[in-house]
Amino acid sequence: EARTHAPLAAVLVKVQSTGQQGLSDVDGRFEIRDVPAGPQTVLVSVVGYGLVRKDVVVGTPDAETVSIAVSEGASTYVEEVSVGGGAFRDPEPGVATQSTLGSRELLALRGLVADDPFRAVQVLPGVATGDDFRGEFAMRGLGPSHLGISIDGVDTPLLFHTVRGVQDTGSLALINTDILESASLLAGPHPERLNAHLGSRLDFTTRDGARDRLRVRGLLSASAASLVLEGPFASQKAGWLVSIRKSYIDWLLRQVDSTTDATFGFTDGQAKLSVDLTPRQSLRASFIAGRSVLRENDDPPDVNTLDPATSMSQIGNLQWRFTPSARFTTQQQVYVVHADYRNRVADGRTREEGSDRDVTWRSTAQWSPSPAHMMEFGAQAQALAATRLDRRFTTRTEQVITDASADTWSAAAWLQHRWMPTRRIAITPGVRAERWDLFQQSAVSPWLLFDVEVRDGTHLRAGGSIQHQAATLDHAMQILAGTTLTPERAAMVEGGVEQRVGNSLRLQVSAYHRQIGRAHV
């Protein structure tokens with residue numbers, strides 16, 4: 001394994017020209033006999049890792065010893081120059097409780113019935129979920145509404161296939177696991193670079209498309225079929241990636257049991273284009289879309305029986321990165337999120353309907369005046385809009401429960417300074433200032449993180465932060481006119497120690513204390 005150097009068992013090793021092959025044992029060793037002398041290409045493949053092509057020269061009569069590094073992921077592994085850190089990924093120095101799942105772990109843990117990266121995250125320490133049918137989860141006593149979830153910097157709660165406007169329903173990710181590079185969960189005090197949330201943060205990163213040749217992969221699972229295509233563009237200066245996924249479990253349920261209470265199906269797709277404009281500039285453009293449908297099969301149907309309930313989401317994201325020097329990097333990002341839903345009943349009337357729109361611009365920069373100092377700063381402007389219409393029917397009348405619309409904006413800026421007086425010590429203070437137009441409110445959220453490597457493989461980490469989260473448009477539409485909701489506030493401190501044992505094991509122990517001030521009118 002390229003990252004941890006651990007041996008891999010049951011790996012298929014094949015000689016391309018002759019078709020001869022063998023499997024590695026528990027020590028990662030394999031043997032292929034009677035290979036013709038001369039240059040040969042060896043293909044190495046195993047589920048959860050990229051395909052490896054290695055050129056070797058076979059002599060005669062002596063055996064040739066070949067050592068092959070296999071990298072996790074779904075793309076082809078090319079043996080050129082690889083620069084990386086240790087076996088474990090730490091996205092944020094100073095965060096005492098943090099976990100990162102690579103593409104291999106996400107593929108292995110995504111679930112047998114549902115391809116859902118949120119199911120993979122649910123196995124991490126501190127994550128709690130009480131419903132096997134929901135991808136959402138809680139972390140340290142705070143539920144989904146207080147957690148920050150993003151994909152490639154798009155921070156939005158609309159990353160799920162679900163039935164909106166209905167409380168008792170299931171959900172799963174709008175994202176195909178095959179396109180993900182990593183998922184990072186920050187549980188304790190952490191830098192607030194994206195939107196303001198009261199609790200932990202989960203960030204997904206998608207991978208770029210292959211730049212060597214066209215690749216096509218298909219997958220049939222117990223619930224869905226997916227297709228992933230990727231390849232080069234413009235003489236390998238760009239790579240593209242397209243993924244399409246369609247569920248058929250709703251069709252299977254109807255074939256097996258025509259009296260089932262409800263059926264749920266979904267379709268989604270993701271596309272990404274990565275372009276190196278110049279050696280110092282790169283452009284990333286991506287698009288995510290999904291549609292889900294629920295049908296309730298009451299016999300006979302009630303006047304409020306849903307048939308069908310549909311939900312649609314689209315996310316467009318554009319990122320431009322410019323690195324004028326080795327000490328300075330800046331990135332500009334613009335994304336648009338649009339979602340709408342409509343829940344109809346059997347006679348064609350609409351029971352619930354609504355829409356959401358999020359347009360966000362974000363600018364960030366990193367500047368390192370010296371090896372001991374790293375400055376990070378950024379600014380963001382966000383415009384939100386939403387509509388809600390809820391009804392309940394009788395045989396002759398209808399009752400309107402909610403009929404509201406709202407729009408608002410917010411603006412934020414943040415600054416962080418990472419000071420490393422030695423290579424073993426990192427001290428990171430930072431602050432975020434935000435203004436919400438919804439109730440004409442402002443808040444300042446500071447944080448302070450420490451990371452000390454007392455010896456090789458042993459880290460002491462501690463941090464403290466004050467986090468704020470403002471009321472949402474849904475909150476604003478449900479309160480009485482003239483009423484104001486103040487932002488929620490949480491103060492948190494955490495400390496922990498991490499001990500790494502070899503290349504494949506690390507132990508973490510942490511303790512935290514959090515005090516929450518709930519929103520009030």
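**Exercise 1.** In this predicted model, find the strand that holds V431, then decide whether V431 is buried, partly exposed or exposed.

*Solution.* Start with the strand: V431 sits in strand 24, which runs over residues 425–436. Next, take its relative accessibility, which is 32%. Buried means under 20% and exposed means over 50%, so V431 ends up as partly exposed.

Now look at the company V431 keeps. Together with W367, F377, L415 and V444, V431 makes a nonpolar surface patch of about 420 Å².

**Exercise 2.** Work out the strand order of the open sheet of 5 strands, and say which strands stand at the edges.

*Solution.* Reading across the sheet, you get 5-12-13-8-9, and the pairing is mixed. Strand 5 (98–102) and strand 9 (154–155) each have a single partner strand, so they stand at the edges, with one side of each left without a neighbour in the sheet.

Then zoom in on one pair. Strand 12 (residues 180–186) runs antiparallel to strand 13 (residues 201–206), and 6 bridges link them. To get your bearings there, pick S182: across from it, in strand 13, is T205.

**Exercise 3.** How many cavities of 30 Å³ or more does the whole structure have, and what lines the largest cavity?

*Solution.* The search turns up 5 of them. For the largest cavity, the volume comes to about 110 Å³. Its lining counts 15 residues, and D152, T206, A271, S286 and I288 are the ones nearest the centre.

Last step: trace the lining back to strands. Strand 16 (238–247), strand 17 (262–278), strand 18 (281–296) and strand 19 (306–325) each chip in at least two residues of that lining.

How values were computed:
Residues numbered from 1 in each chain as written. Predicted model: local features only at pLDDT ≥ 70, side-chain atom pairs only at ≥ 80, totals over all residues. Heavy atoms only, no water. Pairing = 2+ DSSP bridges. Helix = DSSP H or I, 4+ residues; strand = E, 2+ residues; numbered from the N terminus. Patch = residues over 30% accessible without salt bridge, like charges linked within 9 Å, V, L, I, M, F, W, Y side chains within 5 Å. Areas by Shrake-Rupley, 256 points an atom, 1.4 Å probe, with all protein chains shown as cover. Salt bridge = Lys/Arg side-chain N within 4 Å of Asp/Glu carboxyl O. Buried < 20%, exposed > 50% of the residue type's maximum accessible area, 1.4 Å probe, protein only. 1 Å grid on protein atoms, 1.4 Å probe; cavity = no way out; pocket = protein on both sides within 12 Å on 5 of 7 lines; lining within 4 Å. Points joined across faces, edges and corners; volume = space filled by probe spheres on them.
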